[in-house]
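Please open the model in your viewer and keep the sequence panel beside it, since each stop on this tour begins with a selection and then describes what can be found there.

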Amino acid sequence: MNCEIIFKQQQAANLWKVKISTKSLKHRAEDLEKTLKDISNIAKKNNSDFYVLIYPWPDTLAYGQDNFNWETFVTNFCIKNCKMLINTFPKFFKYKDKNINWHKDLYIKEDLHFNKFGNSIIAKEILKVTE
């Protein structure tokens, strides 16, 4: 069974269609979990804490997490493997819900990387747990 994920960048007229099978999503999640577990084990061997930070890409804010829920995936992983999860999704979803130009406000034009303001939201969340 295939699911279709459609990402439309707000500032561009381009429309990308990526077909990903549900099996492929499962394997990618398993690969990611193994990699995260390896990093967690390295941190433990070195008597270091393992923090994980998650933040949404523009398509996640625009279309939600129906095909894959990052928050659930990482939260479940971090229960046993992380010192702390820093989840910025709620801050970004809240901002999006209150601001029609959220994409322009948060991301570099025609890119999925955060601009200065988007990065400042992440920085504030990191400082909350490190100060």
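Begin by selecting Asn 69 and Glu 71 in this predicted model, where, at the start of helix 3, a side-chain oxygen of Asn 69 comes to within 3.0 Å of the backbone nitrogen of Glu 71. Keep Glu 71 selected, and add Gln 65, whose side chain is joined to that of Glu 71 by a polar contact of 2.8 Å. If the selection is then widened to the residues in contact with Glu 71, leaving aside neighbours within four places in sequence, the viewer should show Ile 54, Gln 65, Asn 87, Phe 89 and Pro 90.

Which side chain of opposite charge is nearest to Glu 71? The nearest is that of Lys 96, but it is 12 Å away, and Glu 71, although buried, has no salt bridge. Since a salt bridge requires a nitrogen and a carboxyl oxygen within 4 Å, the separation from Lys 96 leaves this pair outside the criterion.

Next, extend the selection to the whole of helix 3, residues 70-81. At 1.5 Å a residue, these 12 residues should span 16 Å, and the C-alpha atoms at the two ends are indeed 16 Å apart, so the expected and the modelled spans agree. Colour the buried residues of this helix, which are Glu 71, Phe 73, Val 74, Phe 77, Cys 78 and Asn 81. When the helix is viewed down its axis, these buried residues fall within an arc of 160°, and they therefore line one face. An α-helix has 3.6 residues a turn, so residues three or four places apart point the same way. Turning the view to the face directed away from the buried side brings up the exposed residues Ile 79 and Lys 80.

From helix 3, move to Leu 32, which belongs to helix 1 (residues 22-45). Leu 32 is partly exposed, at a relative accessible area of 28%, and, not counting residues up to four places away in sequence, it touches Trp 70 and Phe 73. A distance label drawn between the C-alpha atoms of Leu 32 and Val 74 should read 10.0 Å, although the two residues are 42 residues apart along the chain.

While helix 1 is on screen, select Lys 34 and Asp 38, which form a salt bridge with their closest N and O atoms 3.1 Å apart. The two residues are 4 apart in helix 1, which means that about one helical turn separates them. Lys 34 is exposed, with a relative accessible area of 55%, whereas Asp 38 is partly exposed at 34%.

Then follow the chain to Asn 47, in the loop between helix 1 and strand 3 (51-54). Most residues other than glycine have a negative phi. What sign does the phi of Asn 47 have? The phi of Asn 47 is positive, at about 50°, although the residue is not a glycine, and with 74% relative accessibility Asn 47 counts as exposed. A second stop of this kind is Glu 110, in the loop between helix 5 (102-106) and helix 6 (116-130), where phi is again positive, at about 55°, and the residue is partly exposed at 45% relative accessibility.

Now return to Lys 96 and select it together with Asp 97, because the side chains of these two meet in a salt bridge with an N to O distance of 3.9 Å. Lys 96 is partly exposed, with a relative accessible area of 23%, while Asp 97 is exposed at 60%.

The last selection is in helix 6, where the side chains of Glu 125 and Lys 128 meet in a salt bridge of 2.9 Å, N to O. These two residues are 3 apart in the helix, and so are separated by about one helical turn. Glu 125 is buried, with a relative accessible area of 12%, whereas Lys 128 is exposed at 53%. Add Lys 91 to the selection, and the three residues Lys 91, Glu 125 and Lys 128 appear as one network, joined by salt bridges that share partners. A search of the whole structure finds 4 salt bridges.

Finally, clear the selection and colour the chain by secondary structure, which comes to 6 helices and 4 strands, in the order β-β-α-β-α-α-β-α-α-α along the sequence. Of the 131 residues, 31% count as buried, and among contacts with a separation of 6 or more, residues 24 or more positions apart account for 59%.

How values were computed: Residues are numbered from 1 along each chain as its sequence is written. This is a predicted model: local features need pLDDT of at least 70, side-chain atom pairs count only at pLDDT 80 or more; totals for chains, interfaces and linings use all residues. Side-chain values use heavy atoms; hydrogens and water are left out. The expected span of a helix is 1.5 Å times one less than its number of residues. Buried means under 20% relative accessible area, exposed over 50%, partly exposed in between (1.4 Å probe, protein chains only). The arc is that of the directions from the helix axis to the C-beta atoms. A polar contact is a pair of N or O atoms within 3.5 Å; within protein, one must be able to donate a hydrogen and the other to accept it, and residues adjacent in sequence count only if both atoms are side-chain atoms. Lys and Arg count as positive and Asp and Glu as negative; His and the chain ends are not counted. Contact means heavy atoms within 4.5 Å.
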